[in-house]
Amino acid sequence: MATLPSGALGTLNPTSDRAVFRQIADQIRDAIAAGRFTEGAKLPSEAELVEHYGVSRMTVRNALGVLQGEGLVHAEHGKGVFVRPRPPVRRLASDRFARRHREAGKSAFTVEAEAAGSRPEVDSLEIREERPSPDVSARLDGARRVLARRRRYLLDGRPVELAISYLPLDIAQGTPITELNPGPGGIYARLEESGHTLDHFDEEIRARMPSPHEVRALELAPGVPVIHLIRTAFDTAARPVEVCDTVMAADAYVLAYQLPAE
């Protein structure tokens, strides 16, 4: 049997009123935070943990289940339990919609993927005219018909984001925005070409647990939450020209902001 790295894990406190499996989970969690088990590293096997702590296999499994429920580790059948990688993409709010990126023919997702050294892809693309929900309609100044663009984003083949863009039909109709590939710079570049120069974006962000559909579409591990972001784009005439409803795998992103001090 392999030997645990020296000092990687401590010992149980028999006088503690904290359940043994939770003590074990605490120690593994602390070891990960301290870098004793790094990203992608395989944790000690169940047998090694049983021997180290002198507990039953079920106690060890309960401890590992706590960490999996927190999204800190993931199990691979027949291979073991591994430390989950930290978010690969740094989403810089103050830069991602900069006009220079559109002028260079790049979408915000492409810019972020390139910064992370990852390969961006878009699939499951669906475009259709529809009646918006009351919330989307209100955000678009009462629009009664919209063009909806649904898509899934992937990094290096891994699904990381679901997004639906809703645009007032009178703006999108008859433009390349209705096509599968709207062209360099994406739909924001096409909006500006049609006379809707973008002025600012409002975003609302919250974290929540995913729906069953989101778990399947984003291939989420147990315990991994999602970041739910709703963004409204406004042109220089103060008209809302797009609402984007985005769901992101929380273990794939760091949301970064630069805020003025004045």
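Is S211 buried, partly exposed or exposed? In this predicted model, the relative accessibility of S211 is 26%, and S211 therefore counts as partly exposed, since the buried class lies under 20% and the exposed class over 50%. S211 sits in the loop that joins β7 (198-208) to α9. Its C-alpha atom is separated by 9.7 Å from that of P225, a residue 14 places away along the chain.

The strand before this loop, β7, contains I205. With a relative accessibility of 38%, I205 also falls into the partly exposed class, because this value is neither under 20% nor over 50%. When residues up to four places away in sequence are not counted, I205 touches I227, H228, L229, L255 and Y257. I205 and V215 are 10 residues apart in sequence, and their C-alpha atoms are 19 Å apart in space.

The nonpolar interior was examined next. In soluble globular proteins, nonpolar side chains tend to be buried together. The largest nonpolar core of the model has 21 residues. F109, V160, L218, L220 and Y253 are the members with the most contacts inside this core. Two or more residues each are given to the core by α5 (108-115), β5 (146-155), β6 (158-168), α9 (212-218), β8 (226-235) and β9 (240-249). Strand β9 provides the largest share, which is four residues. A second core, of 20 residues, lies apart from the largest one, and I24, F37, L43 and Y53 are among its residues.

The surroundings of V160 illustrate how the largest core is put together. Residues up to four places away in sequence being left out, V160 touches F109, Y153, L154, L155, L218, V247, M248, A249, A252 and Y253. F109, L218 and Y253 in this list are, like V160 itself, among the residues with the most contacts inside the core. F109 belongs to the buried part of α5, where A108, F109, V111, E112 and A113 are buried. After α5 comes G117, with a positive phi near 70 degrees.

A positive phi is also found in two residues that are not glycine. One of them is S124, with a phi of about 50 degrees. S124 lies in strand β4 (residues 120-130). Its relative accessibility is 52%, so S124 counts as exposed, the limit for this class being 50%. The other is D141, whose phi is near 55 degrees. D141 lies in the loop between α6 (134-139) and β5. The relative accessibility of D141 is 59%, and D141 is therefore exposed as well.

Helix packing was described for two pairs that share α3. Two packed helices are described by the angle between their axes and the distance between the axes. Helix α2 (residues 46-53) packs against helix α3 (residues 57-69) at an angle of about 110 degrees, and the two axes are 9 Å apart. Angles from 65 to 115 degrees count as roughly perpendicular, so α2 and α3 are roughly perpendicular to each other. The crossing of α2 and α3 is right-handed. On the α2 side the contact is formed by E46, A47, L49 and V50, and on the α3 side by R57, V60, R61 and L64. Five residues of this contact are nonpolar, three are charged and none is polar.

In the second pair, helix α1 (residues 20-33) packs on α3 at an angle of about 50 degrees, with the axes 8 Å apart. This angle makes α1 oblique to α3, because it is neither under 35 degrees nor within the range of 65 to 115 degrees. The crossing of α1 and α3 is right-handed. Helix α1 contributes V20, F21, R22, I24, A25, I28 and R29 to the contact, while α3 contributes T59, N62, A63, L64, V66 and L67. The contact of α1 with α3 holds nine nonpolar, two polar and two charged residues. L64 of α3 takes part in the contact with α2 and in the contact with α1.

Helix α1 also contains Q23. At 10% relative accessibility, Q23 counts as buried, because the value is under 20%. Apart from neighbours within four places in sequence, Q23 is in contact with L12, N13, S16 and R18. Q23 and I227 are 204 residues apart in sequence, with 30 Å between their C-alpha atoms.

Methods: Residues are numbered from 1 along each chain as its sequence is written. This is a predicted model: local features need pLDDT of at least 70, side-chain atom pairs count only at pLDDT 80 or more; totals for chains, interfaces and linings use all residues. Side-chain values use heavy atoms; hydrogens and water are left out. A nonpolar core is a set of buried Ala, Val, Leu, Ile, Met, Phe, Trp, Tyr and Cys residues joined through side-chain atoms within 4.5 Å. Buried means under 20% relative accessible area, exposed over 50%, partly exposed in between (1.4 Å probe, protein chains only). Contact means heavy atoms within 4.5 Å. Axes are lines fitted to C-alpha atoms, for helices over the stretch in contact, and angles run from 0 to 180 degrees between N-to-C directions. Angles under 35 degrees count as roughly parallel, over 145 as roughly antiparallel, 65 to 115 as roughly perpendicular and the rest as oblique. A crossing is left-handed if the near helix is turned anticlockwise from the far one by less than a right angle, and right-handed if clockwise. Ala, Val, Leu, Ile, Met, Phe, Trp, Tyr, Cys and Pro count as nonpolar, Asp, Glu, Lys and Arg as charged, and the others, Gly among them, as polar.
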